[in-house]
Amino acid sequence: MSGVAAPSGSGVAADGCVAPTAAGACAARHVAIIMDGNGRWAKARFMPRALGHSRGVEAVRKLVRGCRGLGLEALTLYAFSSENWRRPADEVSDLMGLLKRFIISDIDEIAENGVRLKVIGDWRALPADIVGLIEGALARTAANTGMTLAIALNYGSQAEIARAASRAAAKALSRGEGPHVTPEAIAAELDTADMPPLDLVIRTSGEVRLSNFLLWQAAYAEMAFLPVLWPDFTVDHMKAAIDDFARRERRFGGR
Ligand code: FPP
């Protein structure tokens, strides 16, 4: 674990590790994943991209099931970025269809397993039928106290930070404090404000960039860039990344 106190407002627990494992390592509480490589997975098999995305949903389903044994408090998945609208219309439509079907077919299992569903990003701008499904799914799982599964939809981190800063400034102005905002005030307005600090960002497919995902929240997170395409990602990859995170944290705390 880290002995370094993080700056307040960073979204990081000030005392570093708050979830030590029995072995004294630091357990990950919140993992976020950039699920990349569906297209390449399909291309390598001479299959349509839509099939790659559909296998990607299957990987999500298995991972959410498998996470039950990992002790995570939160898992955030980057499913559709605000930049993904620039993809061809048929691919956007495929992704929206998969999202709809995922909510319809998996919400019972998610709810029954005590998972709290959360959606981050400007999801209310999605098609009305999806917004309705999301509202129902959020209400259905709101009281659950198990892992939080946050799905980033129509999400862009720079826009999220700008929205949070505007809200923080408006609140400061309404208190007569002028347009002065602090990191703490911005962090409190982020979509993830009610989630544990982000410990680990995983990106599949070998690409090494954050692509406008959780830029504020990742300030002190560890990074794992894995050479596996998203449809091939399994709970064993997840376990290995979390174990590696725990080792990295333990080394840092030893200094
Ligand atoms: C990036 O791979 C992946 C996406 C843009 C979509 C991710 C969506 C899913 C995994 C399915 C939907 C998720 C849920 C929760 C229902 P890419 O297509 O850009 O791959 P490429 O870089 O190999 O072309």
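This is a chat about a predicted model of a protein with a ligand.

Trainee: How many helices and strands does the protein have?

Mentor: Seven helices and six strands. In sequence order the pattern reads β-α-α-β-α-β-α-β-α-α-β-β-α.

Trainee: And what share of the residues is buried?

Mentor: Of the 255 residues in the protein, 37% are buried. As for contacts with a separation of 6 or more, 74% of them join residues 24 or more positions apart.

Trainee: Switching to helix packing. At what angle do α3 and α4 cross?

Mentor: Roughly 15°, with the axes of α3 (residues 89-112) and α4 (residues 128-141) coming within 10 Å. Angles under 35 degrees count as roughly parallel, so that is what α3 and α4 are to each other.

Trainee: Left-handed or right-handed crossing?

Mentor: The crossing of α3 past α4 is left-handed. On the α3 side the contact includes Met96, Leu99, Lys100 and Ile103. The α4 side includes Asp129, Ile130, Leu133 and Arg140.

Trainee: What classes of residue make up that contact?

Mentor: 11 nonpolar, one polar and three charged residues.

Trainee: Now the ligand. Which residues are closest?

Mentor: Gly39, Arg40, Gly56, Ala79 and Phe102 are the closest, out of 20 residues that surround the ligand.

Trainee: Which elements supply at least two residues of that shell?

Mentor: α1 (38-43), α2 (49-66), β2 (74-81) and α3 each do. That puts α3 in the ligand shell as well as in the contact with α4.

Trainee: How does the shell divide by class?

Mentor: The shell around the ligand has 11 nonpolar, seven polar and two charged residues.

How values were computed:
Residues are numbered from 1 along each chain as its sequence is written. This is a predicted model: local features need pLDDT of at least 70, side-chain atom pairs count only at pLDDT 80 or more; totals for chains, interfaces and linings use all residues. Axes are lines fitted to C-alpha atoms, for helices over the stretch in contact, and angles run from 0 to 180 degrees between N-to-C directions. Helices (H or I, at least four residues) and strands (E, at least two) are DSSP runs, numbered from the N terminus. Angles under 35 degrees count as roughly parallel, over 145 as roughly antiparallel, 65 to 115 as roughly perpendicular and the rest as oblique. A crossing is left-handed if the near helix is turned anticlockwise from the far one by less than a right angle, and right-handed if clockwise. Two residues are in contact if their C-beta atoms, placed from the backbone, lie within 7 Å. Ala, Val, Leu, Ile, Met, Phe, Trp, Tyr, Cys and Pro count as nonpolar, Asp, Glu, Lys and Arg as charged, and the others, Gly among them, as polar. A residue is near a molecule or strand if its C-beta atom, placed from the backbone, lies within 6 Å of it. A residue is buried if 20 or more other C-beta atoms lie within 10 Å of its own, exposed if 12 or fewer, and partly exposed in between; C-beta atoms are placed from the backbone.
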